[in-house]
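Hi,

Here is the structure I promised to pass on. Please open it next to this message, and my notes follow below.

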Amino acid sequence: MQMNEMPSIGTTLTYGEAIKAYDRFERTMLEKAYGAGLLPAVGLYDLLWQLESLAQKFGIEGKGAFSRLKREIRSFSSERTALANGVNGERFYLLQDESALRQHDETHLFKVGIDVDRLARDLDEALELLSKESAKTDEYGDTYSTDWSELASGKQEKDPFLKWAGIGFCVMMVCLGVSMLVHSVFQIGFCSKWFI
């Protein structure tokens, strides 16, 4: 992912320049993950939620860049919110007066505090790891795969419940048979005493 349009950490920009740069960077990250078609409907927290749920689904939430990426996306979002509000919310109160807001954005300075190159690398690493993990699994293997019997037998081997349920059922049937046999022996014994 190329992030040449986003200034490096420690760069001082006017608020207007910084807002444009942060918006471009966020759009670039979201386009990388979702494609251009969904950009109006998604945000950074949507991306974070999606990545967390997929990592949990594949059991890789502790691997690779996921923990760093989560922390960095939250930091980026926090810094972007601070940028949008200004120091002590001063920019927030100027939103009703467009000329005062423009003057503020051209005269006040903002220092970039996010390492966007690291954030971009971690996003790429997380997407690559998800791609590798999803290629290993066949979510609809039971229905669409030609080797569905192998997949189904593999699932049964991993689940010991079915094995123990079968053994338990067999033991229960043997106990029932033995108790019926003992019961019939006693019944015959009692009946023979009555008739003799």
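Helix α1 has 20 residues and reaches 28 Å from its first C-alpha to its last, close to the 28 Å expected at 1.5 Å a residue. Do keep in mind that this is a predicted model. The buried residues of α1 are Y15, G16, A18, I19, A21, Y22, F25, E26, M29 and L30. Just after α1, G35 takes a positive phi of about 90°.

M29 is worth a click while you are there. This residue of α1, which spans residues 15-34, has a relative accessible area of 0%, so it counts as buried. Its C-alpha is separated by 8.4 Å from that of L44, and the two residues are 15 apart along the chain.

Next, have a look at α6. This helix covers residues 116-136, 21 in number, and its first and last C-alpha atoms lie 30 Å apart, close to the 30 Å expected at 1.5 Å a residue. Its buried residues include V116, L119, A120 and D122, as well as L123, A126, L129, L130 and E133. Among the elements that cover them are α1, α2 (44-58) and α3 (66-85).

Finally, the surface. F169, M172, M173, L176 and M180 make a nonpolar patch of about 520 Å² there. L176 belongs to helix α9, which runs over residues 160-195. With a relative accessible area of 42%, L176 is partly exposed, whereas M29 in α1 is buried.

Happy browsing, and write back with any questions!

Best wishes

Definitions and conventions. Residues are numbered from 1 along each chain as its sequence is written. This is a predicted model: local features need pLDDT of at least 70, side-chain atom pairs count only at pLDDT 80 or more; totals for chains, interfaces and linings use all residues. Side-chain values use heavy atoms; hydrogens and water are left out. Patches are made of residues with over 30% relative accessible area and no salt bridge: like charges are joined within 9 Å, nonpolar side chains (Val, Leu, Ile, Met, Phe, Trp, Tyr) within 5 Å. Accessible areas come from the Shrake-Rupley method with a 1.4 Å probe; for residues, only the protein chains shown count as cover. A salt bridge is a side-chain nitrogen of Lys or Arg within 4 Å of a carboxyl oxygen of Asp or Glu. Helices (H or I, at least four residues) and strands (E, at least two) are DSSP runs, numbered from the N terminus. Buried means under 20% relative accessible area, exposed over 50%, partly exposed in between (1.4 Å probe, protein chains only). The expected span of a helix is 1.5 Å times one less than its number of residues. Contact means heavy atoms within 4.5 Å.
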